[in-house]
Amino acid sequence: MAQNKTALVLSAHSADFVWRAGGAIALHQKKGYDVTIVCLSYGERGESAKLWKQEGCTLEHVKTERRKEAEAAAKALNAHDIQFFDLGDYPLEIDREAKFRLVDVIRKVQPAFMMSHSHYDPYNTDHSYATRILMECRMIAQAWGHNPGQKVLGAPQLYLFEPHQTEQMGWKPDVFLDITEVWDNKRAAIECMAGQEHLWDYYTNLAQNRGNHFRRNSGGQAGGRNARYAEGFQSVYPRTVDEL
């Protein structure tokens with residue numbers, strides 16, 4: 001039996017994959033992919049204000065709660081695997097050892113495509129830093145001289161998912177993905193993130209707006225698909241095609 005296709009999603013913090021790529025994860029799992037999520041941190045310092053407002057809260061408690069939320073969200077999306085590197089946040093810092101750890105994951109997964117944050121984020125430098133590291137690790141995973149004998153990586157596309165304040169990030173989508181059939185999964189995953197309830201409606205509205213853009217770009221009133229919810233992505237590398 002042929003192995004399933006695979007994908008890798010790199011999330012700077014433990015909730016990022018939910019807001020920005022939850023639909024893509026659930027949809028590709030439904031299509032038979034094995035999607036692996038790597039969370040570089042829990043977002044315990046900078047993205048857990050609701051938890052920190054609880055009396056007597058500690059760093060370890062926040063990490064534990066954030067991990068529970070992320071695991072529940074991954075389950076709601078039917079993700080194949082979720083891994084936590086626990087590298088800390090605000091700032092996120094990744095040393096050579098952690099890079100090689102990520103390279104090992106990439107080579108093991110052999111993803112057909114990867115996903116991460118926008119190239120630029122002046123509000124949260126952890127995000128853009130994570131993508132820079134992923135691009136570096138993609139390069140290392142392609143190097144025949146790195147851990148000779150391991151299967152080297154091919155050339156998976158890297159899709160940058162939508163940042164929170166799009167206009168400020170220089171992010172321009174060139175792909176819209178219809179996630180209507182798995183929207184209930186994404187909404188369930190969103191509601192797992194109790195520590196950031198203030199974002200639930202924002203990302204619901206965003207998915208509806210991108211559904212409108214999918215309809216427009218798939219043909220609009222001349223016969224476009226009636227997508228109710230979508231996610232937008234920006235591809236990094238050229239596509240190789242035989243026809244347009």
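A salt bridge here is a side-chain nitrogen of Lys or Arg within 4 Å of a carboxyl oxygen of Asp or Glu. With that cut-off in hand, E47 makes a good way into this predicted model. E47 is buried but has no salt bridge, and the nearest side chain of opposite charge, that of R66, sits 4.0 Å away. What E47 does have is a polar contact of 3.2 Å with the side chain of H13. The residue belongs to the loop between β2 and α2 (49-52). Setting aside neighbours within four places in sequence, the contacts of E47 are H13, D16, R66, D89, Y90, N124, H127 and Q196.

Elsewhere, charged pairs do meet the cut-off, and the structure holds 13 salt bridges. One of them joins K50 to E197, with the closest N and O atoms 3.3 Å apart. K50 is in helix α2 and E197 in the loop between α6 and α7, so this pair ties together parts that are 147 residues apart in sequence. As for exposure, K50 counts as partly exposed because its relative accessibility is 42%. E197 is also partly exposed, with a relative accessible area of 42%.

A second pair is R225 and D178, whose side chains meet in a salt bridge of 3.1 Å, N to O. Here too distant parts of the chain are linked: R225 is in the loop between α7 and β7, D178 is in strand β6 (residues 175-178), and 47 residues separate them. D178 has a relative accessible area of 12%, so it counts as buried. E231 and K186 make another salt bridge, with their closest N and O atoms 2.6 Å apart. That one runs from strand β7, home of E231, to helix α6, home of K186, across 45 residues of sequence. Both E231 and K186 are buried. Salt bridges also link up into a network made of E60, K63 and D86.

K186 leads on to helix α6 (residues 183-190), whose buried residues are W183, K186, R187, A189 and I190. Looking down the axis of α6, these buried residues fall within an arc of 160°, so they line one face of the helix. The cover over them includes α1, α3 (59-76), α7 (200-217) and β7 (230-235).

Now for the nonpolar side of things. In soluble globular proteins, nonpolar side chains tend to be buried together. The largest nonpolar core in this model has 42 residues, and V9, F17, W19, I25, I37, I82 and M115 have the most contacts inside it. Helix α1 (residues 16-30) gives the most to this core, supplying 8 residues. Another core lies apart from it, with 27 residues, including L40, A98, L160 and W171.

F17 shows what the surroundings look like in the largest core. Beyond its neighbours within four places in sequence, F17 is in contact with V9, S11, G22, I25, I37, C39, A70, A73, A74, L77 and I82. V35 gives a second view, this time from strand β2 (residues 34-39). V35 counts as buried because its relative accessibility is 2%. If residues up to four places away in sequence are left out, V35 touches A7, V9, I25, H28, Q29, A79, H80 and D81. R239, by contrast, is 204 residues along the chain from V35, and their C-alpha atoms are 21 Å apart.

A few backbone details round out the picture. The peptide bond from Y90 to P91 is cis, with omega near 10°. P91 is in the loop between β3 (81-84) and α4 (96-109), while Y90 is among the contacts of E47. Two asparagines stand out for their phi angles. N78 has a positive phi of about 60° although it is not a glycine, and it lies in the loop between α3 and β3. N78 counts as partly exposed because its relative accessibility is 47%. N147, also not a glycine, has a positive phi of about 50°. N147 is found in the loop between α5 (125-141) and β5 (157-161). With a relative accessible area of 37%, N147 is partly exposed.

Terms used
Residues numbered from 1 in each chain as written. Predicted model: local features only at pLDDT ≥ 70, side-chain atom pairs only at ≥ 80, totals over all residues. Heavy atoms only, no water. Core = buried A, V, L, I, M, F, W, Y, C linked by side-chain atoms within 4.5 Å. Buried < 20%, exposed > 50% of the residue type's maximum accessible area, 1.4 Å probe, protein only. Helix = DSSP H or I, 4+ residues; strand = E, 2+ residues; numbered from the N terminus. Contact = heavy atoms within 4.5 Å. Arc of directions from axis to C-beta. Lys, Arg positive; Asp, Glu negative; His and termini not counted. Polar contact = N/O pair within 3.5 Å; in protein donor to acceptor, adjacent residues only side chain to side chain.
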